[in-house]
Amino acid sequence: MIEELQHYTLDTAKQIRRVFQASYKIEAELLKATDFPPLKRPLEAYLKCDSRFFGYTKQGQLAGVIEIGHNAEFTHVRSLVVHPHFFRQGIAKALMEFTLNSFDSSLFAVETGLKNGPASHLYKKLGFTEVEQWDTDHGVRKVKFELRKP
């Protein structure tokens, strides 16, 4: 089940952060990143964030979270994380499809580490096209994908 999360409440922000930390720990290993900014995101950043968060609940647990920035010009998938206990169960795909169907945008954008093969594969499978690559100050090569809808 996917529903919007009230990230400005302490308990919910803690649940969101737990999923982010578990997922980003795996991504940092995948990217061979020793200094990975998403792992340093404090609890307060979730509480005061202007993003919208949607969660996928499975077996009574928050299994995945998608963080969305949306304006009149486009929808930006700021983060997409799945708790490692729920990897390879279609949760990331379900959250992405939910986003593509729920936000009225002609442009959707998402970024990930270049070496994050599972994420890149998912975005391409959903029709996203690679538009840019760059190196971060933290030694991670990133890639940006976009999807234009008519």
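## A buried phenylalanine

F145 is buried, and its relative accessible area is 1%. Buried here means under 20% relative accessible area, so F145 falls inside that class. The model is predicted. Keep that in mind as you turn the structure on your screen.

## Aromatic pairs

How is a pair of aromatic rings described? Two values do the job: the distance of the centres and the angle of the planes. Rings pair if their centres lie within 6.5 Å. By this rule, the model has nine aromatic pairs. One of them joins F20 and Y24: the ring centres are 5.7 Å apart and the planes meet at 65°, so the pair counts as edge-to-face. The cut-off behind that label is an angle over 60 degrees.

Where do F20 and Y24 sit? Both belong to helix α1, which covers residues 10-31. They are four residues apart there, which means that about one helical turn separates them. F20 is buried at 0% relative accessibility. Y24 is buried too, with a relative accessible area of 9%.

Now take Y123 and F145. Their rings form a tilted pair, with 5.8 Å from centre to centre and 55° between the planes. This pair links distant parts of the chain. Y123 lies in helix α4 (residues 117-125), while F145 lies in strand β7 (residues 141-148). The two are 22 residues apart. Y123 has a relative accessible area of 4%, so Y123 is buried. F145, as noted at the start, is buried at 1%.

## A cluster and a charge

Which residues make up one aromatic cluster? They are F20, Y24, F36, Y46 and F53. F20 and Y24 come from the edge-to-face pair described above.

Y46 has a charged partner as well. R41 lies over the face of Y46, at 4.2 Å from the ring centre.

## Two helices that cross

Next, look at helix α3 (residues 91-102) and helix α4. They pack at an angle of about 40°, and their axes are 11 Å apart. That angle makes α3 oblique to α4. Why oblique? Angles under 35 degrees would count as roughly parallel, and 65 to 115 as roughly perpendicular, so about 40° falls in between. The crossing of α3 and α4 is right-handed.

Which residues make the contact? From α3 come A92, K93 and M96. From α4 come L122, Y123 and K125. Y123 is also the α4 member of the tilted pair with F145.

## Two buried residues in helices

A13 is in helix α1. Is A13 buried or exposed? A13 is buried, with a relative accessible area of 0%. Residues up to four places away in sequence aside, A13 touches H7, L43, Y46 and L47. Y46 is a member of the aromatic cluster. A13 also has a distant partner to compare: A45 is 32 residues away in sequence, yet the two C-alpha atoms are 9.1 Å apart in space.

T99 is in helix α3. T99 counts as buried because its relative accessibility is 0%. What does T99 touch? Setting aside neighbours within four places in sequence, T99 is in contact with I66, I68, T75, V77 and F108. I66 and I68 fall within strand β3 (61-70).

## Exposed residues in loops

K32 is found in the loop between α1 and α2 (43-47). Its phi is positive, about 55°, although K32 is not a glycine. K32 is exposed, with a relative accessible area of 67%. The cut-off for exposed is over 50%, so K32 passes it.

Q59 also has a positive phi of about 55°, and Q59 is not a glycine. Where is Q59? Look in the loop between β2 (52-58) and β3 (61-70). Q59 is exposed at 64% relative accessible area.

K115 is found in the loop between β5 (107-113) and α4. K115 has a relative accessible area of 55%, so K115 is exposed. Apart from neighbours within four places in sequence, K115 is in contact with L30 and L31. K115 and T136 are 21 residues apart along the chain, and their C-alpha atoms are separated by 13 Å.

Notes
Residues numbered from 1 in each chain as written. Predicted model: local features only at pLDDT ≥ 70, side-chain atom pairs only at ≥ 80, totals over all residues. Heavy atoms only, no water. Phe/Tyr/Trp six-rings, centres within 6.5 Å; stacked < 30°, edge-to-face > 60°. Buried < 20%, exposed > 50% of the residue type's maximum accessible area, 1.4 Å probe, protein only. Lys NZ or Arg CZ within 6 Å of the ring centre and 35° of its normal. Axes fitted to C-alpha atoms, helices over the stretch in contact; angles between N-to-C directions. Parallel < 35°, antiparallel > 145°, perpendicular 65-115°, else oblique. Left-handed = near helix turned anticlockwise from the far one by under 90°. Contact = heavy atoms within 4.5 Å.
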